[in-house]
Amino acid sequence: MKKLLAVTLGILTAIGGFVDIGDLVTNALVGARFGMRLAWVVVVGVIGICLYAEMSGRVVAMSGRPVFDLIRERLGRRTGLFALTASFLVTLLTLIAEIGGVALAFELASGVNYLLWMPLAAIAVWLVIWRVKFSHLEKVFGLLGLLLIVFAVALWKLGPNWGQLAHQVTHPVPTGHETWLTYAYYAIALFGAAMTPYEVFFFSSGGVEEKWGRKDLGVERANVYLGFPLGGLLSLAIAGCTAVLFLPAGIKVETLGQVTLPTAVALGKLGLAIVLVGVFAATFGAALETALSCGYTIAQYFGWQWGKFVRPRQASRFHLIIIICLVLSILVLLTAVDPVKVTEYSVVFAAMALPLTYLPILIIANDPDYMGEATNGRVLNFLALIYLGLLLLASIAAIPLMIITKAGQ
């Protein structure tokens, strides 16, 4: 019974934790401009994150060591440093977007300008990381993030023409004034949002924090294969809401307030209150994960003590990295840069770094010295290589498409 409860909690946490500021903004923006014509990208992204998250979790369960520690050992310091640099910069950019998202959620609830909330949001993230146990912070914010199910309820209450939504899903082409180039740009952005690198590093490092072993492979796979797909359904519900409410009126999504508006229209003040709590939990939880991931990647690469399974004074350099990253986030956001724009750019840059993140994981998952009898099978390697090709294609096309389309304008 206790194990069943742990699995259930893990799955619910994965569902609630899948959606972050990148998924919120990108899915709402895409739904308002393309309807459900890019829904296939969410499906492709969810399958990809399931493949590689399961691999990284299995690496931890079989070796007892985090992925970045093994990347440095298996591929050498120079190659490992290359992967570390790309992954860390993207994770830091994502952290900046998440802190901005937390501040915007506070602004929506209080009416006080988000610039005043940003330092408090960053300090709150640091305090929670410093004081709260890993298992508690993971479950509390993951479970609260489940409140975003309100988007699915709102979609149903909006009374959409389901046949029209299904038609959009089955006709994945740009319509109206949209071009194939903007369509491709937002396809890459959605793909990057679904496969953000920090998710894998946090998932694998969390496995070490929770002391996963071979007996936990079932729990790890249940979390991945049930939690992430159900989280993907939340993403589709967000896109569906804006497709129903904004697309017919030709309204583009440019603020976080517009992302939450469909729930207020469909469910009134109660819906708005629930979605604000859900957005806060999703962005704050993702801010915790990205801040921790910044510390995880650097500390693991250099072989420093890390993690919340030891006292902070025993992992002082790990916590110092987190503090520096939070300070950098505040300084960037205090320039009054639009957090929503930071989010849009972060998912595109994430797409650029994806091959550097996932290729090392694939190599280690095929090394019997680390994996024993749990190395990848042929079918899994075939699918993983297909995805690696997609990741490479997305990373090559991301910047040219950003320049040509002026970031999707």
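**Surface patch, helix α14 and cysteines**

In this predicted model, the residues L320, I323, I324, V327, L328 and L331 make a nonpolar surface patch of about 500 Å². One of these patch residues, L328, is found in helix α14, which spans residues 316-333. L328 has a relative accessibility of 39% and therefore counts as partly exposed, since that class lies between the limit of 20% for buried residues and that of 50% for exposed ones.

Helix α14 also holds H319, and this residue, with a relative accessible area of 5%, is buried. When its neighbours within four places in sequence are left aside, H319 is in contact with I129, W130, G307 and P312. The position of H319 can also be described relative to Y296, which lies 23 residues away along the chain; the C-alpha atoms of H319 and Y296 are separated by 9.5 Å.

The cysteines were examined next. A disulfide is a covalent bond between the sulfur atoms of two cysteines, and a search of the whole structure finds zero disulfides. For C294, the nearest cysteine sulfur is that of C325, at a distance of 3.9 Å; because a disulfide requires a pair of cysteine sulfur atoms within 2.5 Å, C294 is in no disulfide. C294 is buried, with a relative accessible area of 0%, and C241 is likewise buried, with a value of 0%.

Note on methods:
Residues numbered from 1 in each chain as written. Predicted model: local features only at pLDDT ≥ 70, side-chain atom pairs only at ≥ 80, totals over all residues. Heavy atoms only, no water. Buried < 20%, exposed > 50% of the residue type's maximum accessible area, 1.4 Å probe, protein only. Patch = residues over 30% accessible without salt bridge, like charges linked within 9 Å, V, L, I, M, F, W, Y side chains within 5 Å. Areas by Shrake-Rupley, 256 points an atom, 1.4 Å probe, with all protein chains shown as cover. Salt bridge = Lys/Arg side-chain N within 4 Å of Asp/Glu carboxyl O. Helix = DSSP H or I, 4+ residues; strand = E, 2+ residues; numbered from the N terminus. Contact = heavy atoms within 4.5 Å.
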